Amino acid sequence: MTSTFATIDSPIGRIELTSDGEAITFLSIEGVEGSPHGGLQHGGRPGVPDKVIKQATKELGEYFAGKRKDFDVPVKLVGTPFQQAIWHELLAIPYGGHASYGDLAARAGNPKAARAVGGAVGANPVPIIVPCHRILAGNSKLTGYSGGSGVSTKIQLLDIEGITYR
């Protein structure tokens, strides 16, 4: 199946969405370097947005407008079994909530794997929709973010949801 991608504007910068026609497979947030070109790197081709990209675009617009708390657009997450387990746990964190790396490690059945969890969170191919921005340090302090412009992008997402951090 051929994948397509589209770039949309958002309050946190341009977002590039890649779809295989059935699900969103990749989301990239533009950083300070410019266009992410994730679709090109992930086998996509520019063109007319398919129904999945149109749905994701609509839902992301509603999210940024404060009108959506849960995403319905399907995602396809390709990774190791451990990464997939962590990404599944991310999906369980509600809008406005947060968890720590240690929390996710315990939920995944390996409470001593907080560093490995950090790697899995950082490898999330569909940020925002799979809400890796909701992960904070155990003391609610900000930690890194691999999307967009890094921590400043994470702060914008946390503020949209009213998540308190230090």
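**Exercise 1. Overall layout**

Which pattern does the protein chain follow when read along the sequence? Give the secondary structure content and the degree of burial as well.

*Solution.* The model is a predicted one. Step one is to count the elements: the secondary structure of the protein chain comes to six helices and six strands. Step two is to place them in order, which gives β-β-β-α-β-α-α-β-α-α-β-α. Step three turns to burial: 49% of the 166 residues of the protein chain count as buried. Step four covers contacts between residues at least 6 apart in sequence, of which 57% join residues at least 24 apart. Step five is the surface: about 8,000 Å² of the protein chain is exposed, and carbon and sulfur atoms supply 53% of that area.

**Exercise 2. The hairpins of S1, S2 and S3**

Describe how strands S1, S2 and S3 pair, and examine the turns of the two hairpins.

*Solution.* Begin with strand S1, residues 3-8, where five of the six residues are buried. S1 pairs with strand S2, residues 15-19, in the antiparallel sense, and the pairing runs over five bridges. One bridge links isoleucine 8 to its partner in S2, isoleucine 15. The hairpin formed by S1 and S2 has six residues between the strands. In its turn, glycine 13 has a positive phi of about 115 degrees.

Next, follow S2 into S3. These two strands are also antiparallel, again over five bridges. Serine 19 stands opposite isoleucine 24 in S3. Four residues lie between the strands of this hairpin, and glycine 21 there takes a positive phi near 95 degrees.

Finally, consider the cover on S3, residues 24-29. Five of its six residues are buried, so the strand is largely enclosed by the rest of the structure.

**Exercise 3. Aromatic pairs around tyrosine 63**

Classify the ring pairs that tyrosine 63 makes with phenylalanine 64 and with phenylalanine 71.

*Solution.* A pair of aromatic rings is described by the distance of the centres and the angle of the planes. Three aromatic pairs are counted in the model. For tyrosine 63 and phenylalanine 64, the centres are 5.3 Å apart and the planes stand at 70 degrees, so the pair is edge-to-face. The cut-off applied here is an angle over 60 degrees. For tyrosine 63 and phenylalanine 71, the distance is 5.5 Å centre to centre with 40 degrees between the planes, and the pair is tilted.

Now check burial, for which the limit is under 20% relative accessible area. Tyrosine 63 has a relative accessible area of 0% and is therefore buried. Phenylalanine 64 is buried too. Phenylalanine 71, at 17% relative accessibility, also counts as buried. To close, place the rings in a group: Tyr63, Phe64, Phe71 and Tyr95 form one aromatic cluster.

**Exercise 4. Glutamate 161**

Where does glutamate 161 lie, and which residues does glutamate 161 touch, not counting those up to four places away in sequence?

*Solution.* Glutamate 161 lies in helix H6, residues 151-161. Its relative accessibility is 6%, so it counts as buried. The residues touched by glutamate 161 are Tyr63, Tyr95, Gly96, His133 and Arg134. With tyrosine 63 there is a polar contact of 2.6 Å between the side chains. Two of the residues it touches, Tyr63 and Tyr95, belong to the aromatic cluster of Exercise 3.

**Exercise 5. The buried face of helix H5**

Which residues of helix H5 are buried, and against which elements do they pack?

*Solution.* In helix H5, residues 114-122, the buried residues are Val117, Ala120 and Val121. Seen down the axis of H5, they fall within an arc of 100 degrees, so they line one face of the helix. They pack against helix H3 (81-91), helix H4 (101-107) and strand S6 (135-136).

**Exercise 6. Positive phi outside glycine**

In which loops do isoleucine 128 and serine 140 lie, and what are their phi values?

*Solution.* Start from the usual case: most residues other than glycine have a negative phi. Isoleucine 128 has a positive phi, near 75 degrees. It is found in the loop between H5 and S6. At 0% relative accessibility, isoleucine 128 counts as buried. Serine 140 likewise has a positive phi, near 70 degrees, and lies in the loop between S6 and H6.

Key. Residues numbered from 1 in each chain as written. Predicted model: local features only at pLDDT ≥ 70, side-chain atom pairs only at ≥ 80, totals over all residues. Heavy atoms only, no water. Buried < 20%, exposed > 50% of the residue type's maximum accessible area, 1.4 Å probe, protein only. Pairing = 2+ DSSP bridges. Phe/Tyr/Trp six-rings, centres within 6.5 Å; stacked < 30°, edge-to-face > 60°. Polar contact = N/O pair within 3.5 Å; in protein donor to acceptor, adjacent residues only side chain to side chain. Contact = heavy atoms within 4.5 Å. Arc of directions from axis to C-beta. Areas by Shrake-Rupley, 256 points an atom, 1.4 Å probe, with all protein chains shown as cover.
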